[in-house]
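Dear colleague,

Here is the structure I promised to hand over, with my notes on it following below. Please read the notes with the model open beside you.

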Amino acid sequence: MRISSIPTTHGERIVMRLLDKTSKIFNLEEIGLSPQNNAILREYLVYSHGIILLTGPTGSGKTTTLYAALNEVDTTQKNVLTIEDPVEYSLPGISQVQVNVKKGLTFAHGLRSFLRQDPDVMMVGEIRDLETAEVAVRAALTGHLVFSTVHTNDSASTVTRLIDIGVEPYLLSATLLGVLAQRLVRCNCRRCVAAEEVDPAIRKLLGVSEEEVFYRGRGCEECNHTGYSGRMAVYELLRATSDLRDLVQDGVTSATLHAQGLKDGMTPLTQNAIAQARQRRTSLAEVYRVRLE
């Protein structure tokens with residue numbers, strides 16, 4: 001359990017996050033990636049060097065996606081090390097390290113120690129500061145495949161965030177493979193799914209016509225009368241093409257990077273979510289909740 005407690009005017013406010021160590025580790029086919037994005041991410045997994053970044057708010061499933069990617073790595077042939085805060089699930093064949101700030105074991109210090117362990121693949125739980133970012137990027141530059149997360153709103157702003165905290169654009173341009181932004185949406189209950197009444201303003205904002213029918217659960221005993229059962233992730237994958245690398249080196253804005261991503265075939269997260277709603281897997285209300293534009 002991860003427990004947070006703060007004193008409020010009416011007493012203690014407590015939030016508990018339950019981590020089931022025995023739960024299943026998903027593979028890439030099960031986490032909601034489109035066939036195109038799945039193929040691209042699998043291609044990155046066989047690279048010998050570079051950095052792959054995930055972004056999204058707290059609780060958006062980034063760790064699950066990271067574990068799904070690491071689960072595809074051939075640990076019989078490759079040395080894989082992770083440093084996490086906390087270690088949420090145990091992965092067979094992988095050496096996992098728990099951050100301990102009180103003892104001086106931070107993400108940056110752990111990464112430096114990893115480099116003496118001759119790793120092929122490294123996963124850093126989160127890039128929070130320049131020190132961690134620089135060590136991760138230089139590790140990717142010197143023949144290691146690095147995975148990490150950054151807290152930003154979308155894939156393009158992840159690149160500019162790293163530059164803003166001090167990472168040299170030429171280093172990021174040379175090492176970046178791709179950025180995967182994600183959100184979690186609730187899945188419609190299959191037992192009680194029915195046509196959804198959508199506010200015209202939401203339709204207009206999302207760019208869907210008045211004639212198009214969408215669906216959501218009405219609520220039943222199976223879904224505890226919520227209309228939803230389970231969650232799934234929606235994504236956008238920004239690939240570091242040669243054109244995008246040139247823009248990163250020039251230090252352009254996130255809007256320019258996003259536009260280049262669209263030219264290179266990126267499907268924006270909002271459009272990805274609308275596609276899931278069209279397949280009746282989630283509601284348009286959920287799409288509106290997680291939209292990025």
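**Notes on the model**

Asp-118 is found in the loop between α3 (107–114) and β6 (121–124), and I begin with this residue, bearing in mind throughout that the model is a predicted one. The phi of Asp-118 is positive, about 55°, although the residue is not a glycine. Most residues other than glycine have a negative phi, and most peptide bonds are trans. With a relative accessible area of 61%, Asp-118 is exposed.

A second residue of this kind is Arg-280, which is not glycine either and has a positive phi near 70°. Arg-280 sits in the loop between α10 (269–278) and α11 (284–290), and at 45% relative accessibility it counts as partly exposed.

The peptide bond between Asp-85 and Pro-86 also deserves a look, since it is cis, with omega at about 0°. Pro-86 belongs to the loop that runs between β4 (80–84) and β5 (95–98).

**The protein as a whole**

The protein has eleven helices and eleven strands, and its C-alpha trace spans about 60 × 50 × 45 Å along the principal axes. A compact globule of 293 residues would have a radius of gyration near 19 Å, and the 20 Å of this protein agrees with that. Of the 293 residues, 47% count as buried. Among the contacts with a separation of 6 or more, 68% come from residues 24 or more positions apart.

**Helices α8 and α9**

How do the axes of α8 and α9 cross, and within what distance do they come? Helix α8 (residues 242–250) and helix α9 (residues 254–263) have axes that come within 10 Å and cross at roughly 175°. Because an angle over 145 degrees counts as roughly antiparallel, α8 is roughly antiparallel to α9. On the α8 side the contact is made by Asp-243, Leu-244, Leu-247 and Val-248, and on the α9 side by Thr-256, Leu-257, Gln-260 and Gly-261. Sorted by class, this contact has four nonpolar, three polar and one charged residues.

Within α8, the buried residues are Leu-244, Leu-247 and Val-248. Seen down the axis of α8, the buried residues fall within an arc of 100°, so they line one face of the helix. An α-helix has 3.6 residues a turn, so residues three or four places apart point the same way. On the other side of α8, Ser-242 and Asp-250 are exposed.

The buried residues of α8 do not pack against α9 alone, for their partners also include α5 (155–164), α6 (169–175) and β11 (228–239). After α8 comes Gly-251, which has a positive phi near 70°.

**Buried places elsewhere**

Helix α2 (residues 62–70) is mostly covered, with seven of its nine residues buried. These are Lys-62, Thr-65, Leu-66, Tyr-67, Ala-68, Ala-69 and Leu-70.

Met-122, in strand β6, is buried, and its relative accessible area is 0%. Leaving aside residues up to four places away in sequence, Met-122 touches Leu-81, Leu-111, Phe-114, Leu-115, Ala-139, His-144, Leu-145, Val-146 and Phe-147. Between Met-122 and Asn-79 there are 8.6 Å in space, C-alpha to C-alpha, while the two are 43 residues apart in sequence.

The last residue in these notes is Glu-196, which lies in the loop between β9 (193–195) and α7 (200–206). Is Glu-196 buried or exposed? At 10% relative accessibility, Glu-196 counts as buried, because the cut-off for that class is under 20%. Residues up to four places away in sequence again not counted, Glu-196 touches Phe-214, Tyr-215, Arg-216, Ser-283, Leu-284 and Ala-285. Glu-196 also leads back to Arg-280, since the two are 84 residues apart in sequence and 10 Å apart in space, C-alpha to C-alpha.

With best regards

Definitions and conventions. Residues are numbered from 1 along each chain as its sequence is written. This is a predicted model: local features need pLDDT of at least 70, side-chain atom pairs count only at pLDDT 80 or more; totals for chains, interfaces and linings use all residues. Side-chain values use heavy atoms; hydrogens and water are left out. Axes are lines fitted to C-alpha atoms, for helices over the stretch in contact, and angles run from 0 to 180 degrees between N-to-C directions. Helices (H or I, at least four residues) and strands (E, at least two) are DSSP runs, numbered from the N terminus. Angles under 35 degrees count as roughly parallel, over 145 as roughly antiparallel, 65 to 115 as roughly perpendicular and the rest as oblique. Contact means heavy atoms within 4.5 Å. Ala, Val, Leu, Ile, Met, Phe, Trp, Tyr, Cys and Pro count as nonpolar, Asp, Glu, Lys and Arg as charged, and the others, Gly among them, as polar. Buried means under 20% relative accessible area, exposed over 50%, partly exposed in between (1.4 Å probe, protein chains only). The arc is that of the directions from the helix axis to the C-beta atoms. The radius of gyration is taken over C-alpha atoms; the globule rule is 2.2 Å times the number of residues to the power 0.38.
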